[in-house]
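Here are my notes on the model you asked me to look over. I hope they are handy with the structure open beside you.

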Amino acid sequence: MASVDNDAVASNGATPSNGDAERSGFVPLVAVVDFHHHRGPEVERWFGVDEGRDPAAEWDWSLLPFMALSDGAHASTEDFSYFTLVRPASEDAPATSLFGISCTRQMDASQLLVRPPDVTRSTVQKAVVVIADTPQFFGMLRERLSVVTSAWFMQREFTDTEILRRFQESLADEKERGQLSEEVDRDQYLGMSLRELVREFRWQTLVLLKCCLLQPKMLFFGSRCERLCMMQFSLISLIPGLLRNLQDSAGPDMNSYEAKLSRPTSLRTSDRNSLLAYMGLPLQIFGKGSLFGPYTPLQQLDLLADFGTKSYVVGSTNSLLLQQRDRYSDILINLDEDTINITSPSLRSALALSHSDRRWIDFITQEVNDTWDDANPQRPKTMGYRGSEEFIRLQFEEYLLSLISAVKYRNYLSQNTGNPKAMLPHIEGDPSYDFGNEWIEYWMRTENYRVWNMNTDSHLFDIVEPRHPCAGGLSIDDIQRRIQQQVQDLHLDERFAVGKEVLGRNLAAGREKASTLFNKFYADMETLREAQRKRADESRAEQLGADKNGYKVDAAKTQQTVGTRASAYIGSWTTWAGQKRKEGWGRSGSSNGSSGGGWGFGSVRKSRNITTNTLSDSGSEKNGTALSSPTLSTSGFAGVAPVLTDSPPRRESEDNDKGRPLTQHSFSESVLDGVVSGEESGPSNPTSPRKPTASERDETMAEAKESHEIGEEAVQPVTINPVEAK
């Protein structure tokens, strides 16, 4: 076992820096890739090389234009592509990998200040490419490249490339001053946010990581090139130190990392990088027979199908690969649909998570969800450590350290079978089973395991405890967490939200209709009650009117009102008599020889109105002028019901046929007789109407009383018309 010295420096800790030293002499290059309408994508210009030199032709980068201008880049205003290139071996350096990032933009050709003759289409599409020897600084470089490309397009004059030249000079100056070669951990500055990765894939994040360690053929598909590439960088960044050791990732024939790797002999526990190097990290998944291509064009499919290419992690935006996924992939990750399709049965079985694995990844997922902030996804809303980028990265680092320690202890137990003293007292059984026994057996057959096991100490479990971070059997909490996660995977909230909204609208409409019907019913009931109330009031008013205007003989009431009624009737007759006096009635005798009397009536004609029970007398004055007298209204004598007889009325003389007809025998006429007699006693001495006798008055009153007692309803009063001259 290697000694542990707090002051010693692990010899393996310098191994990654040796690869960086080999590439430290590479100066970043800037290129312009144009999409020609006839020839297709092509490199238009280089910056950072000698005049007349073409690195694409010199180093056989024939696919560079297709990598820089990704499929579907024309669908967006701005897009980024990430790719790898092989720099061939030279006299003083072996073959190594270079990394490119391109920013693609397009503009309307009509906006150009000077339109070249070869621009025959309506749009111009170009990409500015930066080629560097490490992807560690691409997170920062991406923002600078976007600003420079946007400024260059805003000039509307592509022949003016001064801004691109100065951009390349600034990169070369930073490289010379060592700012692009600092020995710092820059893993967190590249790739998609780990919080977004965990929130999007949840427990499948651990499945993808363990799948990378098994080195299958992994194919990522997505319509957005930048998101496609960032997903792959984020995934491999979970393996500590891997982003700084990708010198063999551009081609399956390179293996410089393993050739220079040696077993560490000492450890400095206070240095994290020393600890990781002593434990054998990074686990090099891109070595002999492996390939890493964040964006891989269709022109590179021949390399993927080559016999020497055993495993790879590549991405594509062309949907044609989906039709041939069984040929080009063991596992397909569709980012547009957020699905993972494992085509290899053995791989699917090995990637099944154990209870401890699921408990561990669910814990991280819960922390991310509890601290999620839609306004700033990369930072927890609590601004604390739990759920942050560093928290997630260290959790995966702890998981990998526990994994390799448990595997070393597994190998130690297999070598000391039957020796109880070889077992650790605080460890029960084989702790590697918590990581999945089938996955462990699959991993032990991979190339990265062979390289790791060959160059690490056999007693790593003495440095890191060989125990799963969430070791233990299945518990009630695990079941509850699993059920909760499965319910979340069903997206029931989203599905019920639509149904709830529709149900809410229907309930609101039903409630509104019910309210309208109830209000209408209530209004109808109120209208009916109001109508009934009005009818009741009218009925009571009619009853009161009937009681007031009825024909019940009330002696006391009759005595109180008789004077008033008589005065009103006498006044009407007095007015009529005065009018006739002015007209001259009663001054001369009748021309027809009739004895008209003092009232000036000639012959008298009496008629009876059967319908109205009214007696009407008609006569002619001496001068033949029609006369009309005031009508005796029933209101004046409502208390007296006139009685009609079939017998003709009696006259003063038997031979006076045309005299004044007798009026209805009533108390009012007897009173009138007295008044008129006194008023009309003049020279003309007209004949006054005959006053009824006492027997006639008694007979009339008796008949009225008898008629009233027969029926309860009021008898229609009879209107007494005075004598009208004919």
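The points below go from the whole chain to the sheets, then to one helix and one side chain.

1. A word on the whole chain to begin. Please keep in mind that this is a predicted model. The chain contains 23 helices and 13 strands. Of its 726 residues, 45% are buried. Taking contacts between residues at least 6 apart in sequence, 73% of them join residues at least 24 apart. The accessible surface comes to about 37000 Å², and carbon and sulfur atoms account for 51% of that area.

2. Next, have a look at the open sheet. Its five strands come in the order β2-β1-β5-β4-β3, and the pairing is antiparallel. Which strands stand at the edges? They are β2 (40-47) and β3 (78-87); each has a single partner strand, so one side of each lacks a neighbour in the sheet. From one strand to the next, the twist averages 25°.

3. The β3 edge is easy to trace. Here β3 runs antiparallel to strand β4 (residues 96-108), and ten bridges join the two. One pair to pick out is Arg-87 with its bridge partner in β4, Thr-96. Helix α5 (residues 162-176) packs on this sheet, where it touches β1 (29-36), β2 and β5 (123-132). The direction of α5 makes about 145° with that of β1.

4. Strand β9 (residues 331-334) deserves a stop of its own. Is β9 buried or exposed on its two faces? Both are covered: Ile-331 and Ile-333 are buried on one side, and Leu-332 and Asn-334 are buried on the other. Do note that Asn-334 is among these buried residues.

5. Now for the partners of β9. With strand β6 (residues 217-221), β9 pairs in the parallel sense over four bridges. With strand β10 (residues 339-342), β9 runs antiparallel, again over four bridges. Ile-331 is a useful landmark here: Met-218 has Ile-331 as its bridge partner in β9, while Ile-342 in β10 is the bridge partner of Ile-331. The β9 and β10 strands form a hairpin with four residues between them, and Asp-338 in the turn has a positive phi of about 55°.

6. Helix α6 (residues 194-201) brings us back to β9 and β10. Its buried residues are Leu-194, Arg-195, Leu-197, Val-198 and Phe-201. Viewed down the axis of α6, these residues fall within an arc of 160°, so they line one face of the helix. The elements that cover them include β9 and β10, along with α7 (204-213), α8 (225-236), α15 (355-370) and α16 (389-415).

7. Both ends of α6 are worth a glance. At the N-terminal end, Ser-193 acts as the cap, with a side-chain oxygen 3.2 Å from the backbone nitrogen of Arg-195. After the helix comes Arg-202, whose phi is positive, near 50°.

8. My last point is a single residue. Glu-397 lies in helix α16, one of the elements covering the buried residues of α6. Why does Glu-397 count as buried? Its relative accessibility is 9%, and the cut-off for buried is under 20%. Neighbours within four places in sequence aside, Glu-397 is in contact with Pro-240, Arg-272 and Leu-276.

Terms used:
Residues are numbered from 1 along each chain as its sequence is written. This is a predicted model: local features need pLDDT of at least 70, side-chain atom pairs count only at pLDDT 80 or more; totals for chains, interfaces and linings use all residues. Side-chain values use heavy atoms; hydrogens and water are left out. Buried means under 20% relative accessible area, exposed over 50%, partly exposed in between (1.4 Å probe, protein chains only). Two strands pair if DSSP finds at least two bridges between them. Axes are lines fitted to C-alpha atoms, for helices over the stretch in contact, and angles run from 0 to 180 degrees between N-to-C directions. Contact means heavy atoms within 4.5 Å. Accessible areas come from the Shrake-Rupley method with a 1.4 Å probe; for residues, only the protein chains shown count as cover. The arc is that of the directions from the helix axis to the C-beta atoms. A polar contact is a pair of N or O atoms within 3.5 Å; within protein, one must be able to donate a hydrogen and the other to accept it, and residues adjacent in sequence count only if both atoms are side-chain atoms.
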